[in-house]
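Reader: Hey, I'm new to this one. Can you walk me through it?
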Amino acid sequence: MEIIIGLENYKKDYKNVCLALGTFDGIHKGHKKLIKSSVECAKKNNGTAVVMTFSEHPKKVFHNENRRILINNEKEKIHLLKKIGVDVLVIAHFTEEFKKLTPYEFVSEIIYTKLKAKHLFAGFNYTFGAKRAGKAEDLIQMAKDFNIKTTIIKPVTIDNTIISSTLIRELIEKGEMELAEKYLGYPFLIMGEVIHGKKIGRKIGFPTANIKTYNKIYPPNGIYGVEVIVEGDNNIYDGLLNIGHNPTVNENIENEYHIEVHILNFDKEIYGKEIMVKVKKYLREEKKFDTMEELIEAIKNDIIIWENHLKVKENE
Ligand SMILES: Cc1cc2nc3c(=O)[nH]c(=O)nc-3n(C[C@H](O)[C@H](O)[C@H](O)COP(=O)(O)O)c2cc1C
Ligand SMILES: Nc1ncnc2c1ncn2[C@@H]1O[C@H](COP(=O)(O)OP(=O)(O)O)[C@@H](O)[C@H]1O
């Protein structure tokens, strides 16, 4: 997959561009259906499947919020789009200038002139142009003027509920990881670089790879059962993730926020490597223990609980 950052760097004449439009935060089952349609369109027409998203979440730019609101950081998004078979990902900057384009200017200047799209794919609730004034039906009409076909993808539902990034964000914020997985179509991901921590983990017999944090949503503080993939290693490991302040070892918890994973049956130095954690299940809240012995006992118990859970799942 080719990655183009900034529309000004989209320069090649790609053939028969099948363009998927949307913010695609989460790349959930609904997004996947839409993006897959553009990939299939490209295959059928000997063309190019292009996805255009923004480097900043449009809502964040609109409300100037600092709140963590994204389900995926850029790395995760790239990983997920590659898997679907997208040829070109354009990450446009959501600039002041861009925000001012009317819906018609967006179609004419960006979709037609710049991206040279032949076929568009957008969701039923897609909005575009200044003040998000353009709706999915407008897109069909406006694109017609430029001889561009448009396919609007109907809502994808599970148990009569429309899958949406908002719903999934709420589930992640509540720690409902199994439900989040159901709507996403894959477990919630945490991808990032392994950084140095306080080096207490290995002393107590449970080394934990600390993962660099990004401005995105994380599940509530607590202990989670996870799967782990380490850069340059083909195995999928089981593991236990801890998100929180480590109150047992930290006096001043306000300044401490860590995301760290103990990988089961693993013993390698992986500082600086990229790791991917698939968050499967919330196990318990993070506690302040009076002694290190109690913390060690709790971690041992977490491992037993998670291994037993996996055994039961295997036999189901
Ligand atoms: C499975 C697991 C459960 C944990 N539970 C707690 C907890 O309840 N309370 C706590 O203060 N720290 C908890 N920790 C975090 C440890 O305090 C932390 O891993 C240890 O201090 C090592 O940190 P370091 O990587 O900076 O050396 C847990 C860690 C793991 C792997
Ligand atoms: N089973 C394991 N799980 C996690 N990290 C491991 C494991 N075995 C070895 N390591 C290595 O040990 C480091 C974690 O040890 P730790 O004492 O907790 O140090 P730090 O505080 O720097 O994270 C990891 O970054 C990794 O390089």
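**A chat about the barrel and its ligands**

Author: Sure, starting with one pair: Val194 stands opposite Ile211 in strand 12. Before we go on, this is a predicted model, where local features need pLDDT of at least 70 and side-chain atom pairs count only at pLDDT 80 or more, while totals for chains, interfaces and linings use all residues. Residues are numbered from 1 along each chain as its sequence is written, and chains are lettered from A and ligands numbered from 1 in the order in which they are written.

Reader: Okay, and what do you call a strand here?

Author: Strands are DSSP runs of E with at least two residues, helices are runs of H or I with at least four, and both are numbered from the N terminus. Two strands pair if DSSP finds at least two bridges between them.

Reader: So how many bridges join strand 11 and strand 12?

Author: Two, and the pairing is antiparallel; strand 12 is residues 209–211. Strand 11 also pairs with strand 16 (residues 274–284), again antiparallel, over six bridges. There, Phe188 has Val279 as its bridge partner.

Reader: Is strand 11 mostly buried or exposed?

Author: Buried: six of its eight residues (188–195) are, so the strand is largely enclosed by the rest of the structure. A residue is buried if 20 or more other C-beta atoms lie within 10 Å of its own, exposed if 12 or fewer, and partly exposed in between, with C-beta atoms placed from the backbone.

Reader: What do the strands build together, and in which order?

Author: A barrel: six strands close up in the order 11-12-15-14-13-16, with antiparallel pairing. From one strand to the next, the twist averages 45°. Strand 13 (residues 222–230) and strand 16 run antiparallel and are joined by eight bridges. One of the partnerships there is Val228 with Val277 of strand 16.

Reader: Which strands does helix 8 touch?

Author: Helix 8 (residues 177–184) packs on the sheet and touches strand 11, strand 13 and strand 16, with its direction at about 130° to that of strand 16. Contact needs C-beta atoms, placed from the backbone, within 7 Å. Angles run from 0 to 180 degrees between N-to-C directions, on lines fitted to C-alpha atoms, for helices over the stretch in contact.

Reader: And where does helix 9 lie?

Author: Helix 9 (residues 292–315) lies across strand 13, strand 14 (237–244) and strand 16, at about 135° to strand 14.

Reader: Switching to ligands: which residues come nearest to ligand 1?

Author: Out of 23 residues around ligand 1, the nearest are Gly197, Lys198, Ile200, Gly201 and Thr248. Being near means a C-beta atom, placed from the backbone, within 6 Å. Helix 9 gives the most to this shell, with four residues.

Reader: What about ligand 2, which residues are nearest there?

Author: Gly197, Gly201, Arg202, Pro207 and Ile263 come nearest, out of 19 around ligand 2. Strand 12 and strand 15 (258–263) each supply at least two residues of that shell.

Reader: Last one, far from the ligands or not, I just clicked on Lys33. Where is Lys33 found?

Author: Lys33 is found in helix 1 (residues 29–44). Lys33 counts as partly exposed because it has 17 C-beta neighbours inside 10 Å. Leaving out residues up to four places away in sequence, Lys33 touches Ile153 and Val156. Between Lys33 and His258 there are 35 Å in space, C-alpha to C-alpha, and the two are 225 residues apart in sequence.

Definitions and conventions: Contact = placed C-beta atoms within 7 Å.
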